[in-house]
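The following report looks at how a ligand is held by its protein and at the empty space in the same structure.

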Amino acid sequence: MKNKSLISINDFTKEEYFRVLDLAEEFQKNPNQQLLSDYVIASLFFEPSTRTRLSFETAIQRLGGKVIGFSEASSSSVSKGESLKDTILTVSRYADLIIMRHSIEGSARYASEVSNKPIINAGDGSNQHPTQCLLDLYSIRKSQGTLENLNLFLVGDLKYGRTVHSLLMAMSEFNPVFNFVSPPTLRMPQEYKDYLDEKGIKYYEHHQLDDNLKHADIVYMTRVQRERFSDPMEYEKVKNAYVLNNKMLDNTKENLRIMHPLPRVNEIDTDVDTNPKAYYFEQAENGVYARMALMCLILGVVK
Ligand code: CP
């Protein structure tokens, strides 16, 4: 994995997922180590972020590395008209590794083609969010004890939600059953369903949330991605399509965990937060350990 960019979750093999997850487990036990003290890491966020940016930066700080970067495009020379290519060519002369979030699908792949330093995709438009996927895999394995043979409900904006696209691809290595719950206008795109068909993975599509939850091992709620809608009226029609509350968790399996990549808007009632099945804040914490592991493997400080 040394010097390898991570643009799509499919850039890594199943063995490489396990390497990241096993190392993340080690970092969770012992997070303060000076493994990155010789490294400068660039954190280029052209789109807003709380968890991804701050968990990467926490991971770097705890491992003794240095961070450069920006948290919005307006504070970079992109606001003066500089191209993405020139930005990456410049930053790759400063930093050993570049973490990048951008609104344009394919921008991270493009950056990896022009950069002589590895790129980690921290989210490119509606396309992929592979590091979220690694922390999701870590969270699922930690909470379920396995990644195999699970019944997963992906709920909400399955069209624009990049986290569910990455998760679908990764979990399809582990013989899951998928249940997609979305409004008709926000269904899982056909290309991802074709992907599952090719792998022989079962999936079911629903428009109601509460009917089938008693079979779920993981319910993965997602926000309707307002920023991806060209018509605000279309957003208004679907923004509160699913709101999970505590009552809906009655008669669900003991091992069920509620996940959400966050930020939450209205998708999960705050009465769920104290339910032992709520896992989303622990999931966010897991991002620090998964990202520590990923950076150490890419920089080659851990084999
Ligand atoms: N999960 C996630 O990507 O959150 P942020 O947008 O806050 O980084």
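In this predicted model, a backbone N or O atom of Thr 50 lies 2.8 Å from an oxygen atom of the ligand, and two further polar contacts of the ligand, made by Thr 52 and by Pro 261, are set beside it in the table.

| Residue | Protein atom | Ligand atom | Distance |
|---|---|---|---|
| Thr 50 | backbone N or O | oxygen | 2.8 Å |
| Thr 52 | polar side-chain atom | oxygen | 2.7 Å |
| Pro 261 | backbone N or O | nitrogen | 2.8 Å |

On its own the ligand has 250 Å² of accessible area, of which the protein covers 92%. The shell that surrounds the ligand consists of Ser 49, Thr 50, Arg 51, Thr 52, Arg 101, His 129, Gln 132, Pro 261 and Leu 262, and by residue class it divides into five polar, two charged and two nonpolar members. Because domain 1 (9-129 + 287-299) and domain 2 (130-284) both give residues to this shell, the ligand lies between the two domains. The space that the ligand takes is the largest pocket.

Apart from pockets, the structure holds three cavities of 30 Å³ or more, and the largest cavity contains about 60 Å³ of space. Among the residues that line this largest cavity are Arg 51, Thr 52, Gln 132, Pro 261 and Leu 262, which also appear in the shell around the ligand. The lining of the largest cavity further includes Ser 55, Leu 135, His 260, Tyr 280, Gln 283, Ala 284 and Arg 291.

Notes
Residues numbered from 1 in each chain as written. Predicted model: local features only at pLDDT ≥ 70, side-chain atom pairs only at ≥ 80, totals over all residues. Heavy atoms only, no water. Near = heavy atom within 4 Å. Polar contact = N/O pair within 3.5 Å; in protein donor to acceptor, adjacent residues only side chain to side chain. Areas by Shrake-Rupley, 256 points an atom, 1.4 Å probe, with all protein chains shown as cover. 1 Å grid on protein atoms, 1.4 Å probe; cavity = no way out; pocket = protein on both sides within 12 Å on 5 of 7 lines; lining within 4 Å. Sits in = over half its atoms within 2 Å of the grid points. Nonpolar A, V, L, I, M, F, W, Y, C, P; charged D, E, K, R; others polar. Domains from an automatic or database assignment. Points joined across faces, edges and corners; volume = space filled by probe spheres on them.
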